[in-house]
Amino acid sequence: MPRRRATEPILSAACDCLIAGDGDFEMSDVARRAGVSEGLAYHYFKSKAGLLAAVVERFFRDYYAVANARYPGDTPWPERERARLEAIIGFLYTDPLAPVIYGQMSRSVAVAAAEQEGHAELVQLATLNVEDGQKRGFLPDAVDPQIAGAAIIGAVREVFSQTMRQTPHPDPAWLSNRMWDFIAAAVGLNSS
């Protein structure tokens, strides 16, 4: 059996246990929920920390796929980026692990390590994205793409961290509007 098929039930069970355990789990609970022996879970992930890292990495892989999705090249920059923001908010509001990752676990070593891997790429893509908006005439040339890209990625991360800790979460349309106002200001786009 390929490794991915063998580990998927364990990863899914670990996600369920993390959600139920407010950011913590026991390997025995994960194994029981996955219908495997605890030894098999250790065989594939080596430790509880290894399994936790795999769960967090999978979450961020899915998140980055949404954040870095390609849109048709002829879509106006503001329309495209507003759609991207709404897709990200939609992902975070529907993935049951998001409140755990951005809430209780947001300052954990596992989350920090997984985020660090993708953070530089996100900033680089955001920089290229701002440059694209400038080349296409949507954004003023006076905006520094690297600073704007880094500011947007950092602010979005912190907003999600704060938002996912709130119960109930703010209305997604309200959050989208507030965040879009920030992004539009950071890149010099008239948000009205």
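**Salt bridges and exposure**

Student: What relative accessible area does Asp24 have?

Tutor: Asp24 is partly exposed, the class between buried (under 20% relative accessible area) and exposed (over 50%), with a 1.4 Å probe and protein chains only. This is a predicted model, in which local features need pLDDT of at least 70 and side-chain atom pairs pLDDT 80 or more, while totals for chains, interfaces and linings use all residues. Residues are numbered from 1 along each chain as its sequence is written, and side-chain values use heavy atoms, without hydrogens or water. For Asp24 the relative accessible area is 41%.

Student: Which residue forms a salt bridge with Glu26?

Tutor: Glu26, partly exposed at 43%, lies in the loop between H1 and H2, and its partner sits in helix H4 (helices are DSSP runs of H or I, at least four residues, numbered from the N terminus). The pair therefore ties together parts that are 22 residues apart in sequence. A salt bridge needs a side-chain nitrogen of Lys or Arg within 4 Å of a carboxyl oxygen of Asp or Glu, and here the closest N and O atoms are 4.0 Å apart, the partner being Lys48.

Student: How far apart are N and O in the salt bridge between Asp24 and Lys48?

Tutor: Lys48 is partly exposed, at 28%. Its side chain meets that of Asp24, with an N to O distance of 2.9 Å.

Student: Which helix holds both Glu86 and Arg82?

Tutor: These two form a salt bridge, with closest N and O atoms 3.0 Å apart. Glu86 is partly exposed at 41%, and Arg82 is likewise partly exposed, at 21%. They stand four residues apart, about one turn, in helix H5.

Note on methods: Helices (H or I, at least four residues) and strands (E, at least two) are DSSP runs, numbered from the N terminus.
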